Amino acid sequence: MKGREPFRRKMSRLSVLLLVSFAAFFLMTAGASASESDRMPEIDGSQELSLSVTMTYTDPNLETDNVFAMSGVEVRLVQVASLAVNGGSADYTLLDAYARSGIELAGMTASESSEAAEALAALVGENGSSEGKTATTDSEGKAVFSGLEAGMYLIFQEESANAAYGVDAIMTMLISVPYPQTASDGNSWIYAVETYPKTELSGAKTNGTITVTKEFYDIEANQTYYSPEDEEVIFFVGLFTDEACTQRVEGSIDLPLSFVNSSSASATFKGLTTDQTYYIAETDGSGNVVTSVTKDGTIFQAAYPNGQAVTITQDQPDGSITFRNTTAGIPEHYYYGGTLTITKKTMFGEEPYVTTGTYYAGIFTDAAFTTLAGEVVELKLEDASSVSVDVRIHMADDSDEVTYYVTETDSKGTPLSNDDNLGFTFKLSKEGGTITLNSKNLKDEIVITNEYEQVETQTELKKEPGSDSDPDGTDTDTDKEAGTEGATAGSSTPQTGDATPLVLTIAVMAAALALLILLAQIRRAQSRK
């Protein structure tokens, strides 16, 4: 390329000498085998030189069998350089009409070859449209050029040559005829060259998708809410090509939106043509657009806060849209989904105690912790000093508050007590473990902190990175598991972590002292001399 020569001239003499020295060293170690691997034989003048170009395109809308031949399209071929073999080296020389491009054909990368092809194609237009040869592909997409001279050739097409196939892209590439073929037993020339350039179907595609999500929404409380527990509730949505939602997308059907213990449900329309705008609307499942749906005496009003239109393109073929079924308040058996965050922390004194162990917490309906409100919550620590778990809380309606009581338990949900000789003491961040949620306050958190006073013999305290005792986060001492499952606290204080044998330490210090004495004696002897 043109930009290379100035860079070469700017290299310092020292750099050149270094490169020459390195090259000489490489040649000395590699020997003649390196040059032999690049050596090309003379071109056999008795061989006919030909080039066949097979044009195909890929349809991205199909997953398999998606490559098709392009018949009846014109392909042009122009020689841009001659080829000769001199001393086993293949030398390409640009023809006079293209020499002014300054392109270096030898040693080009794939990207440089593509850039060179585009630049040379522009010069062909300047040199005249009749230059070179033209061939038309047959039923298999093949165009054949024969009777060629040895050289570098430019294969290209005129604008809109592939328009009949809906392919905008045109092919432009460089190829050598004959084509060099390398092998471990010797290099050779391919005289009947074949190439298979590929392009892709352009224009609108049919790989588009639109995911529609619907949610239940209480307009009075300004909150989403959940469908009845363990009961499936089904609604339907349709896809249309017009804003009035009267023209259904051809081949599409109403898709079900299934709610099971959820506040939202989704469905996806697939195989849609890109570069179009579509419209969604709630339907009755039989193709009829509806503005509301009545279920179990409750009227669910369709609302579209983001509009009903969604556009998909070739670059962004996957679209999405969300709409609502609104009510004033929540229907019977539906409920708000509050969130309770239970956090477990482990401490040793004032420091976080990093451990691996499993703890448990129970959510109870009474302050005496006798009746569980659901499953026991597992709090698993994996080389950490804290973990948080979110639990969804069932709330009846916006007028009621829900109160639960949380405490540490064993794996079966039996409450633990600090009088049980656990090896640690625990405390709750809320008195009595009491949490209260309502429609105005749907989130709460309770922290259960386990405090260890001693850990098992021969264990070490791992400090939390960034803590006061480990500000740089470099302490990596290991610790013992500490949970209701796994290892529990023991009966001695943490070790220092210094396990270096005393004898080895003394031996190293003695050796160092002996070396210092020897060096001092040598220095005194030199001074006397």
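Strand S1, residues 50-54, pairs with S7 in the antiparallel sense, and the pairing runs over four bridges. Keep in mind that this is a predicted model. To put one pair of residues on it: Thr54 has Lys142, in S7, as its bridge partner.

Now the sheet around that pair. It is open and has three strands, in the order S7-S1-S12, with mixed pairing. The edges are taken by strand S7, 142-145, and strand S12, 192-195, and each of these pairs on one side only. As for how the strands lie, neighbours in this sheet are turned by 15° against each other on average, direction ignored.

A general reminder before the next one: strands of a sheet pair through backbone hydrogen bonds, and they do so either parallel or antiparallel.

Next, please look at strand S2, residues 56-58. S2 and S3 pair in the antiparallel sense over three bridges. Which residue in S3 is the bridge partner of Tyr57? That is Phe68.

S2 and S3 belong to an open sheet of three strands, ordered S3-S2-S13, and the pairing there is mixed. Why is one side of S3 and of S13 left without a neighbour in the sheet? Strand S3, 67-69, and strand S13, 198-200, stand at the edges, and each has a single partner strand, so one side of each stays free of a neighbour in the sheet. The twist in this sheet averages 35° from one strand to the next.

To recap the orders for anyone following on the screen: S7-S1-S12 in one open sheet, and S3-S2-S13 in the other I showed.

Key:
Residues are numbered from 1 along each chain as its sequence is written. This is a predicted model: local features need pLDDT of at least 70, side-chain atom pairs count only at pLDDT 80 or more; totals for chains, interfaces and linings use all residues. Side-chain values use heavy atoms; hydrogens and water are left out. Two strands pair if DSSP finds at least two bridges between them. Helices (H or I, at least four residues) and strands (E, at least two) are DSSP runs, numbered from the N terminus. Axes are lines fitted to C-alpha atoms, for helices over the stretch in contact, and angles run from 0 to 180 degrees between N-to-C directions.
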